[in-house]
Structure formats: structure tokens, C-alpha cells
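Here are a few notes to help you find your way around this structure. Have the view open as you read, and take the points in order.

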Amino acid sequence: MNNRFQNLFRNVNPAILIILVVMVVNRLLHSGQSLSGWVYDTLVSLPGILIALTFHEAAHGYVSYWLGDPTPKLQGRLSLNPAHHLDPVGFIALLVAGFGWGEPVQINPNYYKHRRRDEFLVSIAGVAMNFLLALITSFVVKGIFYGASGLLSTGIGPVLMDILIYVFAINIVLMVFNLLPVPPLDGFGILTQIFNLQKYDWYWKVYNSGFAILMLLIIFNITDKIIGPVSSFFYNLLLF
């Protein structure tokens, strides 16, 4: 087995795993969904999760590399192999809790010629990729629905459509989640470069506390209250 997979869970904070387990149990108890339905939804969502996480992180890596930073290439992040980009907790969270994240791509902005501009481009690359994938998927879904509807009456047609819907939805959810202005998410990085937040004394205090803040937002369902309506807006805009 690849050493990367052997070490995936070794550095995971146990408290985060406990929170994740509680969220999973809560979702299962209150979803009203049968076990077979949950298993089916989980399986058909897997392609969407792998695609969304992989392309999101690879986009960060490629843009940073194109801007002169060799770090992503040296760390093997210029790849569309999901094994190079999965974060264990983020993957499971997206699988069972409805939102998640990949292994962040490490960059070295000292290589950039225009630091603020280039850091902005790297920050926005992941969410832009998720939106592009969602847009492409929406065209495919509409093409099948309006131009090849006979496929839906076959055995594989409905399953294929469910997979495509999940690809669309997961990319939208990952985009919206990462746009939240909380470190270490992309939204905070985007705002940092737009408003040059690093010049303020409070910046590093907020940055270093970012993951704790994010966990509190998740625990108290604040993220759901934001992600749900915004995702529904894009769902209705692009699919209907």
C-alpha cells in the first residue's frame, strides 16, 4: 500500500474525528432515509467527490506552478490522481456530512512576480474550477434530458443521471463552502489579497484560529444555513 495512505489518519486530531462521527450519526438519525437508500446515495456520490476534490486542489497547484512556483510539482500535486489530493477527514466529511475539503496544496509565494495578484489567482483557482465543472455538468445533464431522454428509460440511464447530478451538486457545495471567509478556506485567502489583510495586527490571530472557528461554525450549523440557500440558488440557476 502507498505510504501516503498508510499515514493518512496518523496526524488527524481525534477531536475532529469525534465531531465528524457525531455529525454522521445525527444525519443518519434525522434523515429519515433507509439504509439501502443511504448506501446508494453514498456510492453514486463517490465520483462527484473524487472529481470535485481532485480538480479543486490540482487547480491550485497548476496555477501556482504556472506563476513560477515549483513547490506543487516537487510535492507531486500536479496530478489528477485523487490519491495525491485527498484529505481523510475532508473526504469523509464530504461523503457523509455534505461538505468537505482536500489536502491543501502548499505554495511558496516568494516565487511570484506580483505577489498579491498571484496569491489571489491561486486562491480563486479551486473554486473557479468547481464552478466550471458544475457548469459543464449542467450542460451534460440538460443535453441528456432534452436530447437523449430515451437513455433515462434504460437500466443505466437513471444511475448515470444520479451520478451527474451529484457531480454538479458536490462541485457547487465545495465551491460555496470554500468561499466562506474563514481560514484556511479559499474565501479568506481571496479577501486577504483583495483588502491586503496581512497588514493588520489581528490577521495572524484570526488565521491561526481559523480551523477552530470553522469547526464551531460547522457544529452550530451556521455553515449549513449559508451553504444550503446559496447552493440551491446555483442549482436552480444552472439546472432549470
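1. Let me begin with a term: two residues are in contact when heavy atoms of theirs lie within 4.5 Å. Please also keep in mind that this is a predicted model.

2. A good place to start is A58, which sits in helix α3, residues 35-66. Not counting residues up to four places away in sequence, A58 touches R77, S79, L80 and H85. Is A58 buried or exposed? With a relative accessible area of 2%, A58 falls under the 20% cut-off, so A58 is buried. You may also like to look across to M129: A58 and M129 are 71 residues apart in sequence, while their C-alpha atoms are 9.3 Å apart in space.

3. Next, follow α3 to its meeting with helix α7, residues 157-178. Two packed helices are described by the angle between their axes and the distance between the axes. For α3 and α7 the angle is about 45° and the axes are 8 Å apart. The two helices are therefore oblique to each other, and α3 passes α7 in a right-handed crossing.

4. Which residues form this meeting of α3 and α7? From α3 they include Y40, V44, I51 and H56, and from α7 they include P158, Y166, I170 and N178. By class, the contact has 14 nonpolar, five polar and two charged residues.

5. Now for the cores. The largest nonpolar core has 27 residues, and I172 and F177 are those with the most contacts inside it. Two or more residues of this core come from each of α5 (88-96), α6 (115-147), α7, α10 (210-219) and α11 (222-239). The largest share, eight residues, comes from α7. Leaving aside neighbours within four places in sequence, I172 is in contact with A134, S231, F234 and L238.

6. There is also a second, separate core of eight residues, with A52, L53, I170 and L174 among them. These four may look familiar, as A52 and L53 of α3 and I170 and L174 of α7 are also part of the meeting between those helices.

7. Finally, have a look at helix α8, residues 186-195. How many of its 10 residues are buried? Seven are, and the helix is mostly covered. The buried residues are D186, G187, F188, G189, I190, T192 and Q193. What covers them includes α3, α6, α7 and α9 (203-208). After α8 comes N196, whose phi is positive, near 50°.

Technical notes. Residues are numbered from 1 along each chain as its sequence is written. This is a predicted model: local features need pLDDT of at least 70, side-chain atom pairs count only at pLDDT 80 or more; totals for chains, interfaces and linings use all residues. Side-chain values use heavy atoms; hydrogens and water are left out. Buried means under 20% relative accessible area, exposed over 50%, partly exposed in between (1.4 Å probe, protein chains only). Axes are lines fitted to C-alpha atoms, for helices over the stretch in contact, and angles run from 0 to 180 degrees between N-to-C directions. Angles under 35 degrees count as roughly parallel, over 145 as roughly antiparallel, 65 to 115 as roughly perpendicular and the rest as oblique. A crossing is left-handed if the near helix is turned anticlockwise from the far one by less than a right angle, and right-handed if clockwise. Ala, Val, Leu, Ile, Met, Phe, Trp, Tyr, Cys and Pro count as nonpolar, Asp, Glu, Lys and Arg as charged, and the others, Gly among them, as polar. A nonpolar core is a set of buried Ala, Val, Leu, Ile, Met, Phe, Trp, Tyr and Cys residues joined through side-chain atoms within 4.5 Å.
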